[in-house]
Amino acid sequence: MPPTMTSPLSVSTAATPRATTTHLSIDGVSKRFGSFTALDNIALEIQEGEFVCFLGPSGCGKTTLLRTIAGLTRQSAGRLTQRGKDISMLPPQARDFGIVFQSYALFPNLTVFNNVAYGLRNRRVERARINDRVAELLALVNLTGSEAKYPAALSGGQQQRVALARALATEPGLLLLDEPLSALDARVRGHLRSQIKALQARLGVTTIMVTHDQEEALTMADRIVVMNHGVIEQVGTPAAIYHQPASAFVASFIGSMNFLEVTAQANRQALLGNTPCACLPHTIAVGQAAQLAIRPEAVALSLQARALKHQAGALNGEVVSIEFLGAFQRVTLRLPEDHQTLIADVPSRDSSKLSLYVGQLLAIHLPAEAARLYAAGSSQQ
Ligand SMILES: Nc1ncnc2c1ncn2[C@@H]1O[C@H](COP(=O)(O)OP(=O)(O)OP(=O)(O)O)[C@@H](O)[C@H]1O
Ligand SMILES: [Mg+2]
């Protein structure tokens with residue numbers, strides 16, 4: 001498959017979760033719609049105070065899993081435990097969560113005040129307490145003064161902040177967010193992303209956010225759950241997901257990745273055409289077709305092509321295009337090996353040393369510690 005063309009991402013360097021008590025356990029949860037399996041034997045533990053993102057392509061089961069946790073969808077098999085209590089069979093109103101949906105989150109016929117107060121009224125909280133709590137929540141999401149407005153008079157970002165205040169009103173133990181930012185434009189989304197993250201850290205509320213936006217997941221989550229076709233492909237910190245993808249699918253779904261067709265060799269080797277390449281340890285049998293995955297920013301280019309040209313084991317490539325992307329230049333190279341292409345991201349400060357031009361022959365170095373081998377054809381989504 002061709003390399004994906006997104007830019008390198010900044011990976012959240014958030015410390016590992018502070019708490020170690022389990023908030024939610026998901027044990028062997030499956031969901032079938034007729035003969036279709038939307039969730040297949042999901043097992044996951046979420047810690048108290050953690051911010052977890054469910055990340056994966058459209059249709060992989062993210063919303064179904066979130067709805068199952070909320071009790072809005074009943075699992076076909078498996079068990080859910082929240083703070084040690086089996087909630088598998090409880091209706092939504094008997095579970096402890098607040099939820100924000102992707103769109104149509106607010107009651108259009110209720111003012112901001114009444115939207116936020118909704119859950120509190122249902123619980124027959126006394127009026128003075130409701131007034132205080134709504135004021136406190138609107139201050140929390142920077143919307144003090146908007147009490148009397150109707151949702152239609154608010155921007156998309158403001159509406160989602162009201163929805164967030166409403167979800168937090170009853171002080172739920174668990175906050176569930178289903179793509180809360182996807183309907184917003186990029187600038188508002190970026191701003192609200194940091195607001196939600198800061199709010200969550202301040203309140204310490206255990207949070208699960210569904211997203212198909214890898215950048216959102218990488219920047220916000222303590223841990224990311226990467227899903228595909230109803231199964232969990234990998235659970236890990238943003239850095240682990242980015243730097244040590246457990247499968248070719250995870251490698252292809254997150255960030256940019258080159259996949260080169262190679263033949264597996266013993267130990268830490270692969271053959272790219274006739275050129276041996278060192279890679280991380282792998283379990284693929286010698287002689288088997290495989291794909292060597294390496295991120296564009298890990299590929300090193302140098303000018304020594306002429307000197308290395310006749311040296312065994314040297315990898316060369318011809319520059320076929322150069323894209324200026326600000327902080328770095330994205331260089332596409334054609335390898336002599338089966339006419340495969342490789343993308344290298346060269347930091348702008350280094351690119352002047354190479355004086356890059358189309359048609360140039362460059363030496364390529366694929367650092368072994370950044371080169372991973374996966375079975376051939378396993379990266380399809
Ligand atoms: N009520 C339903 N009846 C039948 N099939 C359903 C139902 N709800 C979901 N599905 C199917 O289950 C699969 C997972 O759906 P889900 O909504 O969980 O995906 P998702 O990961 O949230 O995708 P998106 O990113 O597009 O929101 C899809 O193939 C969907 O068509
Ligand atoms: Mg969804």
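Which residue takes a positive phi in the hairpin of β12 and β13? I would like to begin there, and to say at the outset that what we are looking at is a predicted model. The residue is Gly273, with a phi near 60°, and the hairpin has 2 residues between its strands. The two strands that the hairpin connects, β12 and β13, run antiparallel and are joined by 4 bridges, and in that pairing Ala270 stands opposite Cys277 of β13.

Let me stay with β13 for a moment. Thr275 and Cys277 make up its covered face, whereas Pro276 and Ala278 lie on the uncovered one. That pattern can be set beside a general point, which is that in a regular strand the side chains alternate between the two faces of the sheet.

Moving outward from the hairpin, β13 belongs to an open sheet of 5 strands, which has the order β13-β12-β11-β14-β20 and antiparallel pairing. The edges are taken by β13 (275-278) and β20 (372-375), and because each of these has a single partner strand, one side of each is left without a neighbour in the sheet. If direction is ignored, neighbouring strands here are turned against each other by 45° on average. Further in, strand β11 (residues 258-264) and strand β12 (residues 269-272) run antiparallel and are joined by 2 bridges, with Thr263 having Leu271 in β12 as its bridge partner.

Now the overall picture. The protein has 381 residues, of which 49% count as buried, and its secondary structure comes to 10 helices and 20 strands. The C-alpha trace spans about 85 × 45 × 35 Å along its principal axes. If we take the contacts between residues at least 6 apart in sequence, 68% of them join residues at least 24 apart. As for the surface, about 17,600 Å² is exposed, and carbon and sulfur atoms supply 51% of that area.

Next, the sheet that contains β1. This is an open sheet of 4 strands, in the order β2-β1-β4-β5, and its pairing is antiparallel. Here β2 (36-47) and β5 (85-86) are the edge strands, and since each has a single partner strand, one side of each is left without a neighbour in the sheet. Strand β1 (residues 22-33) pairs with strand β4 (residues 77-82) in the antiparallel sense over 5 bridges, and Leu24 stands opposite Gln82 in β4.

Across this sheet we find a helix. Helix α1 lies across β1, β2 and β4, and it runs at about 120° to β1. Of the 9 residues of α1 (residues 62-70), 7 are buried, so the helix is largely enclosed by the rest of the structure. Those buried residues are Lys62, Thr64, Leu65, Leu66, Thr68, Ile69 and Ala70, and the helix is followed by Gly71, whose phi is positive, near 85°.

A second helix to consider is α2 (residues 112-122), in which Val112, Phe113, Asn115, Val116, Ala117 and Leu120 are buried. It helps to recall that an α-helix has 3.6 residues a turn, so residues three or four places apart point the same way. The buried residues of α2 pack against α3 (127-140) and α4. After α2 comes Arg124, with a positive phi near 55°.

That brings us to the nonpolar cores. The largest has 46 residues, and the ones with the most contacts inside it are Leu164, Ile196, Ile224 and Ile254. Helix α4 (residues 156-168) gives the most to this core, with 6 residues. If we set aside neighbours within four places in sequence, Leu164 is in contact with Val100, Val141, Leu175, Leu177, Ile196 and Leu199. Apart from this core lies another, of 28 residues, which includes Cys279, Val319, Leu333 and Ile364.

Finally, I would like to turn to another hairpin, that of β9 and β10. Strand β9 (residues 223-228) pairs with strand β10 (residues 231-236) in the antiparallel sense over 5 bridges, and the bridge partner of Val226 in β10 is Gln234. Here there are 2 residues between the strands, and His229 takes a positive phi near 50°.

Definitions and conventions
Residues are numbered from 1 along each chain as its sequence is written. Chains are lettered from A and ligands numbered from 1 in the order in which they are written. This is a predicted model: local features need pLDDT of at least 70, side-chain atom pairs count only at pLDDT 80 or more; totals for chains, interfaces and linings use all residues. Side-chain values use heavy atoms; hydrogens and water are left out. A nonpolar core is a set of buried Ala, Val, Leu, Ile, Met, Phe, Trp, Tyr and Cys residues joined through side-chain atoms within 4.5 Å. Buried means under 20% relative accessible area, exposed over 50%, partly exposed in between (1.4 Å probe, protein chains only). Contact means heavy atoms within 4.5 Å. Two strands pair if DSSP finds at least two bridges between them. Axes are lines fitted to C-alpha atoms, for helices over the stretch in contact, and angles run from 0 to 180 degrees between N-to-C directions. Accessible areas come from the Shrake-Rupley method with a 1.4 Å probe; for residues, only the protein chains shown count as cover.
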